[in-house]
Structures are given as C-alpha cells and as structure tokens.
Amino acid sequence: MGLDQYAFINPREEQRTDSDGNTFTAKIAEKDFYWRKHSRLQTFMEKLWVDKTGKGVGEFNCEDMELDAVDLTELFKAVKNGYADYHCDGGFFYGHQHQDESAKQYHQDDLDFIEQAAIALQNGQKVVYHCWW
C-alpha cells in the first residue's frame, strides 16, 4: 500500500472486460507518467487541488485534476527549487520519511513530464494528474 501517482496526456476512458467477464473502466492515454511515494510532488499537487477546487485534501484521492500551463510553470519552479516549499508532513503511505531522496530520484522524471506536458498543452491536448493512496 502507498501513494501511487499518475499523469496522463490526452486521457480517455474505455470499457474493458476481465477474464471473469466483469466489465471495468480503464484509463487510456497517449502518454502516461508514474511516480511512487513522491511525497513532495503530492504536496504540491494537493495544494494545487485545494486552490483549484476549494475541496479538502482528503477528497483528492482517486480524482483527476486537469493541469494547465500556469500549473506546469509553478511545478517547474518547485522542481528547480528542490520542492523547498513543499515539505510533506504526511503519513506512512506517502513515504514522507524518504521525501528528500525521492525528490532527487524523480528530479529528471519531473522535468521530462513538465516538458512533454507543456508540448501537449500547446498542441491542444489535455494533461491530467491522478493519485491514489
């Protein structure tokens, strides 16, 4: 168990059937990104969620949040600053005890995501962040 984080470029939902005949909705994207227990990124996204929706952080679990160019600019600043303003005090599931190491480990992945997401937005595509804990 723990925090799983995803970003999707141009996502859509598709109905699928598993081997037992049960139908489920799968999220399909032209490009996707994945982070595991990147608590500083999550802290950034939670603040953004609250600012955008006015909802509490607890309501963010398993919800999609569309990102725009301003969001990506702010994320870029946060990444370049080592997420200094986004210290996570979260619980065990977020991996907060390893947040400095995770921020360093995911640094290039974060920059790659921002670059590809910015290009997607310029091309009229949609960029969505999704988390599950």
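This report walks through the fold of one protein chain, from its overall build down to a few single residues.

## The big picture

Keep in mind that this is a predicted model. The protein chain has four helices and six strands. If you follow the sequence from start to end, they come in the pattern β-β-β-β-α-β-α-α-α-β.

How big is the box that the C-alpha atoms fill? Along the principal axes, the box is roughly 45 × 35 × 30 Å. The radius of gyration of the protein chain is 15 Å, and that agrees with the value near 14 Å for a compact globule with 133 residues.

Now for the contacts. Take those in the protein chain with a separation of 6 or more: 70% of them are accounted for by residues 24 or more positions apart. As for what's tucked away, 38% of the 133 residues are buried. The accessible surface comes to about 7,600 Å², and carbon and sulfur atoms own 48% of that.

## The four-stranded sheet

Let's look at the sheet next. Strands of a sheet pair through backbone hydrogen bonds, and they can do so in a parallel or an antiparallel way. Here, four strands make an open sheet, with antiparallel pairing and the order β4-β1-β6-β5. Which strands stand at the edges? Those are β4 (31–36) and β5 (64–67). Each has a single partner strand, so one side of each is left without a neighbour in the sheet. On average, neighbouring strands of this sheet are turned by 20 degrees against each other, direction ignored.

You can zoom in on one pairing. Strand β1 (residues 4–9) and β4 run antiparallel and are joined by six bridges. One example to find on screen: Ile9 has Lys31 in β4 as its bridge partner.

## Helices across the sheet

Two helices are worth finding here. Helix α1 (residues 39–53) lies across β1, β4, β5 and β6 (127–132), and runs at about 85 degrees to β5. Helix α4 (residues 107–122) also lies across β1, β4, β5 and β6. The angle between α4 and β4 is about 150 degrees.

## A hairpin in the open

Strands β2 and β3 form a hairpin, with five residues between them. In the turn, look for Gly21, which has a positive phi of about 90 degrees. Six bridges hold the antiparallel pairing of β2 with strand β3 (residues 23–28). Among the partners, Arg12 is matched with Ile28 in β3.

Is strand β2 (residues 12–17) mostly buried or in the open? The number of buried residues among its six is zero, so β2 lies largely in the open.

## Two cysteines and a loop residue

How many disulfides does a search of the whole structure find? The count is zero. Cys62 is in no disulfide, and the nearest cysteine sulfur, the one in Cys131, is 7.4 Å away. That's too far for a bond, as a disulfide needs the two sulfur atoms within 2.5 Å. The surroundings of the two cysteines are worth a look too: Cys62 is partly exposed, with a relative accessible area of 39%, while Cys131 counts as buried at 0% relative accessibility.

Finally, find Asp85 in the loop between α2 (69–80) and α3 (99–105). With 63% relative accessibility, Asp85 counts as exposed. Along the chain, Asp85 and His107 are 22 residues apart, and their C-alpha atoms are separated by 15 Å.

Conventions
Residues are numbered from 1 along each chain as its sequence is written. This is a predicted model: local features need pLDDT of at least 70, side-chain atom pairs count only at pLDDT 80 or more; totals for chains, interfaces and linings use all residues. Side-chain values use heavy atoms; hydrogens and water are left out. Two strands pair if DSSP finds at least two bridges between them. Axes are lines fitted to C-alpha atoms, for helices over the stretch in contact, and angles run from 0 to 180 degrees between N-to-C directions. Contact means heavy atoms within 4.5 Å. The radius of gyration is taken over C-alpha atoms; the globule rule is 2.2 Å times the number of residues to the power 0.38. Buried means under 20% relative accessible area, exposed over 50%, partly exposed in between (1.4 Å probe, protein chains only). Accessible areas come from the Shrake-Rupley method with a 1.4 Å probe; for residues, only the protein chains shown count as cover.
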